[in-house]
Structure formats: structure tokens, C-alpha cells
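Here's a guided walk through a protein model, going from strands to helices. Have the structure open and turn it as you read.

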Amino acid sequence: MVYAIDELTPAYPDVTAPEWAAFGAIGLDRSVVWHGDAAALGALHDAAAAPVGRPVLAAAHGPEVVDDLAGRGWLQRPEDLCAEYLLTTAQIEVTAHCNWGCEFCPVSLDRKPPATMPMPLFEEIIEKIAPYDTIRYVTFHFYNEPTLDRFFAERLAVLRTHGLKLRLFTNASRLTEEKIALLRQGDTLFQLVVNLPALDEDSFHDLTGTRGLARTLAGVEAALDAGLPMEMVVNGGGADARRRLGELRERFEPRGVAVRSTLLSDRAGSLAEDYHQDVRVEGRLRGCGWPVNHAHFSVAGDMFICCNDYYQREKFGNIRSGSVHDLMTGEAAVQLRRRVFGVAEAPDDYLCRTCHDQLPDFPRRQFRPLASFPLKGCHRGVGRG
């Protein structure tokens with residue numbers, strides 16, 4: 001079993017079953033809860049595709065089994081479905097502009113007008129997410145370059161006040177000595193993640209639309225000299241991407257940098273030509289962890305579905321109108337998750353219908369409805385949920 005969370009590499013939950021276990025279910029926190037009665041798995045299977053009355057389930061599997069599953073929250077009333085969430089990150093669009101136009105990013109096709117989140121709005125967001133101790137870090141990116149933000153220093157200070165970590169995604173082109181010094185203060189920096197697609201000037205220009213390789217490399221080297229924890233991502237596919245990945249690994253892995261390639265993504269259909277994946281999912285959708293585990297805030301304070309929603313089409317409220325919990329459990333957010341998980345039919349033009357996260361064979365599938373798993377005939381201890 002492989003579970004991708006919000007990292008560049010998959011996470012592997014411990015699925016070592018105790019001797020008494022018949023099957024296990026993975027919860028929102030990615031931990032496995034084991035169950036000792038195979039009849040409970042049958043009840044879950046029978047109720048997975050559509051609502052089933054309690055008397056029907058009780059007659060088939062026993063009232064004690066049904067009561068147990070309802071008490072665990074594994075069986076729920078139809079009206080209660082998709083109300084739960086567990087936040088692990090908060091992704092905040094502090095600016096809405098980037099100085100690159102990478103061919104693997106929608107910015108290269110449709111650049112948005114520059115915008116900057118006002119500090120009072122940022123402070124309100126941080127104050128409202130700070131009570132969530134399940135949030136491991138916040139980010140400042142959404143198809144932008146966070147180091148262009150004129151409030152960069154002030155935002156770091158706010159995070160430090162509230163004890164929140166920052167995972168900074170950047171192209172390093174504006175990673176100045178001053179910003180590096182700010183990042184070294186305290187323990188606010190969780191990690192620096194640098195987008196560096198190539199080491200030769202021509203490839204770099206073709207991929208990013210800029211001639212700023214020297215400036216980016218200077219920022220990377222300065223950050224490494226300062227001891228900042230760094231990871232590097234290399235975008236693209238095919239033989240050329242493998243060549244570039246090898247060159248970057250040869251240069252930076254001896255410095256302690258994990259250099260990784262990223263999965264190709266057309267951002268739910270926002271990219272064309274070589275990056276277009278031609279995804280079209282019909283019928284009910286199959287679930288996804290993004291609207292369950294991650295809070296996304298636009299530069300204007302709107303909350304929306306996920307990082308693949310370049311145009312922020314699927315919004316469900318603005319943080320100024322209430323608490324994070326109010327918005328995450330509000331009617332619009334619950335309806336959004338019902339559509340994502342196939343509890344309700346999504347419109348034909350719904351964003352997720354063109355997203356690779358909905359494909360059954362996508363290697364980083366996260367959550368999905370029980371009915372989509374081949375539960376019947378599973379070996380003991382490897383039932384999935």
C-alpha cells in the first residue's frame with residue numbers, strides 16, 4: 001500500500017496487522033484502525049455504493065456489527081457524509097504573480113494580474129489556522145514566486161509569533177542574503193523547496209522563459225552555504241528530463257539536497273500540447289485527499305478546492321466571513337466534498353473531471369470510496385479503506 005500525502009515522495013503507512021485483525025481502515029490521519037470481525041467488512045461493502053437501511057444491514061450482518069460500525073463513524077447517515085476534515089497544511093497565496101513563465105505551469109499560457117495579500121488579511125488567516133495543531137506547515141505559493149512579496153519579512157514574523165512552520169516553494173531567483181538571514185531566524189523554516197529545471201542556459205530558458213539561471217544558482221548556493229534545509233524539484237518528462245535530473249543530482253546531492261522529479265500534471269486541463277493529459281472522468285467521482293486535508297486561501301481570502309484549481313473556480317467561502325471550521329463544515333464545502341467523493345453527482349464541467357488525481361491508476365491516489373476497492377476476496381490484513 002502506498003499513500004501520497006502532501007510530499008514529493010509517497011508515504012508508507014504501517015499496515016502490519018495484529019493477529020486478531022480481519023481488515024483495517026485508514027483514517028483521515030493516515031493511521032490504520034484494525035477490526036477483528038470480517039462480517040463488518042461485509043457490512044461496509046454492502047453499504048458502500050448507495051445508502052442501505054439499518055434493518056437491512058442488521059439482518060444481513062447482525063445488529064451488533066452495525067452498531068459498532070456506526071459508533072466508529074465508519075457507517076454514517078447519508079446527510080452526515082463528507083462533513084469531516086483533518087487539516088495537515090495551509091496553502092496561502094500571498095502574491096498572485098511570478099517572474100517566470102515555465103512551460104509546465106499555467107502561468108506560461110495565461111498570466112494573472114499582479115496582486116498582493118494585505119497584511120491584515122494574512123494575519124486573520126494565520127490567527128484562524130493557528131489552533132489546528134495537525135497543520136505541519138504553511139506555504140506561500142500558488143503559481144507565484146513568494147520571494148517577490150514585499151511583506152515577506154512581516155509574514156515570517158507573524159508565523160514565528162504563532163509557532164507555525166513555513167515550507168517555502170521558490171525558484172530562488174529573489175532569494176537574497178537578506179531573505180536567507182530572515183529564514184535562518186528561529187525554527188520557522190520547515191524546508192526550502194527549489195524549482196530548478198535545468199543547469200544549462202539554453203534548456204533553462206526554454207523551460208522557464210527567462211535568462212536568470214545565474215541568479216537562481218547564486219540564490220541556491222547562498223541558501224546551502226547558510227545551512228537551510230533544501231529539496232529540489234525537476235519538472236518535465238522524457239529523456240531530456242532524465243538527463244537534466246541526472247545533472248542536478250550530480251551537482252547538488254553531494255551537498256545534502258534531495259533532488260527529485262515531479263509527476264507530470266496538466267493542472268486539471270490548464271496546460272496544452274506536450275503536457276496535456278486528456279483526462280475526462282465520467283459518472284461519479286472517486287475521492288481525493290486535497291479538499292479533506294488542505295486549506296487553500298486565495299490572495300483575496302477565498303477558500304477553494306485545491307492546488308490544481310488554477311482559476312480558483314471551486315470556491316466555498318471567504319475567511320473574512322467566519323472561522324476555518326465554519327467554512328470547512330459549511331454547506332458549500334460539504335457539497336464540494338460530496339461531489340469529489342461521488343456521494344453527489346458532480347456537474348459535467350466540474351474541475352475534478354479533468355484531473356489525473358481522479359484516475360483509478362494514478363500512482364498517488366489518496367482517499368476514495370470503499371465501493372471502488374476490490375474488497376471481496378482480499379487477503380487477511382490488507383483490506384483497504
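The paragraphs below take the strands and helices one neighbourhood at a time. Keep in mind that this is a predicted model.

Let's begin with strand β1, which covers residues 23-26. Its partner is strand β2, residues 32-35, and the two run antiparallel with 4 bridges joining them. Together they make a hairpin, with 5 residues sitting between the strands. Look in that turn for R30, whose phi is positive, at about 70°. If you want one pair to anchor the view, take F23 in β1, which has H35 in β2 as its bridge partner.

Which way do the β1 residues point? F23 and A25 go to one side, G24 and I26 go to the other, and all of them are buried. For F23 the relative accessibility is 2%, and buried means under 20%, so F23 counts as buried. F23 also has L41 to look at: 18 residues separate them in sequence, while their C-alpha atoms are 7.2 Å apart in space.

L41 is a handy stepping stone to the next stop, V65. The C-alpha atoms of V65 and L41 are separated by 9.6 Å, with their positions 24 residues apart along the chain. V65 belongs to helix α3, residues 63-72. Is V65 buried or exposed? Its relative accessibility is 9%, so V65 counts as buried. Leaving out residues up to four places away in sequence, V65 touches D37, A39, A40 and A43.

Now jump further along the chain to the helices. A packed pair of helices is described by the angle between the axes and the distance between them. Start with helix α4 (residues 119-129) and helix α5 (residues 152-162): their axes come within 10 Å and cross at roughly 25°. Angles under 35 degrees count as roughly parallel, so α4 and α5 fall in that class. Their crossing is right-handed. On the α4 side, the contact involves M119, F122, E123, I126 and E127, and these meet E154, R155, V158, L159 and H162 of α5. Sorted by class, that contact has 5 nonpolar, 1 polar and 4 charged residues.

One of those α5 residues deserves a closer look: R155. How exposed is this arginine, R155? Its relative accessibility is 0%, which means R155 counts as buried. Setting aside residues up to four places away in sequence, R155 touches V94, T116, M117, P118, M119, F122, F140 and D149. M119 and F122 are names you've already met, as part of the α4 contact with α5.

Helix α5 has another packing partner, helix α6, residues 177-184. Here the axes are 10 Å apart and the angle is about 5°, so α5 and α6 are roughly parallel to each other. From α5, the contact uses F152, A153, L156 and R160, and from α6 it uses K179, L182 and L183. By class, the residues of this contact are 5 nonpolar, no polar and 2 charged.

To finish, go back to strands and find β5, residues 166-170. This strand is mostly covered, with 4 of its 5 residues buried. What does β5 pair with? Its partner is strand β6, residues 189-195; the two run parallel, and 5 bridges join them. To locate the pairing on screen, pick T170 and look across to V194, its bridge partner in β6.

How values were computed: Residues are numbered from 1 along each chain as its sequence is written. This is a predicted model: local features need pLDDT of at least 70, side-chain atom pairs count only at pLDDT 80 or more; totals for chains, interfaces and linings use all residues. Side-chain values use heavy atoms; hydrogens and water are left out. Axes are lines fitted to C-alpha atoms, for helices over the stretch in contact, and angles run from 0 to 180 degrees between N-to-C directions. Angles under 35 degrees count as roughly parallel, over 145 as roughly antiparallel, 65 to 115 as roughly perpendicular and the rest as oblique. A crossing is left-handed if the near helix is turned anticlockwise from the far one by less than a right angle, and right-handed if clockwise. Contact means heavy atoms within 4.5 Å. Ala, Val, Leu, Ile, Met, Phe, Trp, Tyr, Cys and Pro count as nonpolar, Asp, Glu, Lys and Arg as charged, and the others, Gly among them, as polar. Buried means under 20% relative accessible area, exposed over 50%, partly exposed in between (1.4 Å probe, protein chains only). Two strands pair if DSSP finds at least two bridges between them.
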